[in-house]
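Please walk through this structure from its overall layout down to single residues. The account below follows the sheet, then the helix that lies across it, then the loops and one pair of rings.

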Amino acid sequence: MTATSISSLKSVSTEETLAFFNAIPRCAEILSRSDLRVIHPRNPDSFFHSTLRSNHGILKSVFIYQPAHTRTSTSSNSDDTNTNTSAIAIATNAKPREREQGYLLLHLGRGVSGQPDIAHGGFLATVLDQVTGNLIGASGLDRGRGAVTVYLNVKYQRPVRVPGVVVARAEIGRVEGRKIYVEGEICAADQEGEGEGEEICAACEGMFLVKRDVAVRI
């Protein structure tokens, strides 16, 4: 997905935000993937979208949703049978993705510091709660009712330096009735890590409960 292919762009501020993140290689790699959608919440979380934006906290943010199916550049039709999907995966050395994923790209300021120049652990837990909750809403698994956090177990692995840019990623696990199990992680997008692969700063496992349908009872 490129900035020019996003049909939901309605404001210059969104374009500027995407331009900012596209200048960061890790974020640009995510934004270049196919079949992504920029999600603008209808009822924004006032704590996350208003309170945390004050006092140089969250400087820029964008949430990206990626549906469960995988598209490849070698596919010339929309045949989604297991046989063809497996064949495409083998031919392109790619693994079919079977879960919905969401990405929250954040440019953080010193306003979210706990210790000097280090993001507060409680704030990182909030980010993980936000990206997992946003993913549930974007995927439609909450059936439009919304969902509440039952638990979110967070493991902190390394500090997040601020100001800086992070990528929070969420993935749907299993769904059992109204229970939705999720996984999430936060990685620093603009910091050089040691060794190979991404440097995960915090990770979580959690469960959300879809709200009951509000019906008129006699």
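**From fold to residues**

Read along the sequence, the pattern is α-α-β-α-β-α-β-α-β-β-β-β. That makes 5 helices and 7 strands. The model is a predicted one. Of its 218 residues, 37% are buried. The accessible surface amounts to about 12600 Å², and carbon and sulfur atoms contribute 48% of that. Among contacts with a separation of 6 or more, 76% join residues 24 or more positions apart.

The sheet is the place to begin. Its 7 strands form an open sheet with antiparallel pairing, in the order 1-2-3-5-6-7-4. Strand 1 (37–38) and strand 4 (147–156) are at the edges and have a single partner strand each, so one side of each lacks a neighbour in the sheet.

Several of the pairings can be followed strand by strand. Strand 3, residues 101–108, pairs with strand 5, residues 164–176, in the antiparallel sense through 8 bridges. Within this pairing, Leu-106 has Val-166 of strand 5 as its bridge partner. Strand 5 also pairs with strand 6, residues 179–188, again in the antiparallel sense, over 9 bridges. Here the bridge partner of Val-167 is Cys-187 in strand 6. Strand 5 and strand 6 form a hairpin with 2 residues between the strands, and Gly-177 in this hairpin takes a positive phi near 65°. Strand 6 in turn pairs with strand 7, residues 200–210, in the antiparallel sense over 9 bridges. Tyr-181 stands opposite Met-207 of strand 7.

Next comes the helix that meets this sheet. Helix 5 lies across strand 2 (58–66) and also across strand 3, strand 4, strand 5, strand 6 and strand 7; the angle at which it runs to strand 4 is about 135°. Helix 5 covers residues 121–139, and at 1.5 Å a residue its 19 residues should span 27 Å; the C-alpha atoms at its ends are 27 Å apart, which agrees with that expectation. After helix 5 comes Gly-140, with a positive phi near 80°.

Which residues of helix 5 are buried? They are Phe-123, Leu-124, Ala-125, Val-127, Leu-128, Gln-130, Val-131, Thr-132, Leu-135, Ile-136 and Ser-139. Gln-130 can be followed further. Gln-130 belongs to helix 5, and its relative accessible area is 7%, so this residue counts as buried, the cut-off being under 20%. Leaving aside residues up to four places away in sequence, Gln-130 touches Asp-45, Phe-48, His-49 and Leu-104.

The loops hold some backbone features to look at next. Most residues other than glycine have a negative phi, and most peptide bonds are trans. Against that background, Asp-117 has a positive phi of about 65° although it is not a glycine. Asp-117 sits in the loop between strand 3 and helix 5. Its relative accessibility is 35%, so Asp-117 counts as partly exposed.

Arg-143 is another residue other than glycine with a positive phi, near 60°. Its place is the loop between helix 5 and strand 4. Is Arg-143 buried or partly exposed? With a relative accessible area of 45%, Arg-143 is partly exposed.

A peptide bond is the next feature. Val-162 and Pro-163 are joined by a cis peptide bond, with omega about 0°. Pro-163 lies in the loop between strand 4 and strand 5.

The last feature concerns side chains. The structure holds 1 aromatic pair. Its rings are those of Phe-20 and Phe-21; their centres lie 5.3 Å apart and their planes stand at 75°, so the pair is edge-to-face. The cut-off for that description is an angle over 60 degrees. The accessibility of each partner is also given: Phe-20 is partly exposed at 24% relative accessibility, whereas Phe-21 is buried, with a relative accessible area of 0%.

How values were computed:
Residues are numbered from 1 along each chain as its sequence is written. This is a predicted model: local features need pLDDT of at least 70, side-chain atom pairs count only at pLDDT 80 or more; totals for chains, interfaces and linings use all residues. Side-chain values use heavy atoms; hydrogens and water are left out. Two strands pair if DSSP finds at least two bridges between them. Helices (H or I, at least four residues) and strands (E, at least two) are DSSP runs, numbered from the N terminus. Buried means under 20% relative accessible area, exposed over 50%, partly exposed in between (1.4 Å probe, protein chains only). Contact means heavy atoms within 4.5 Å. Accessible areas come from the Shrake-Rupley method with a 1.4 Å probe; for residues, only the protein chains shown count as cover. The expected span of a helix is 1.5 Å times one less than its number of residues. Axes are lines fitted to C-alpha atoms, for helices over the stretch in contact, and angles run from 0 to 180 degrees between N-to-C directions. Rings of Phe, Tyr and Trp (its six-membered ring) pair if their centres lie within 6.5 Å; planes under 30 degrees apart count as stacked, over 60 as edge-to-face and the rest as tilted.
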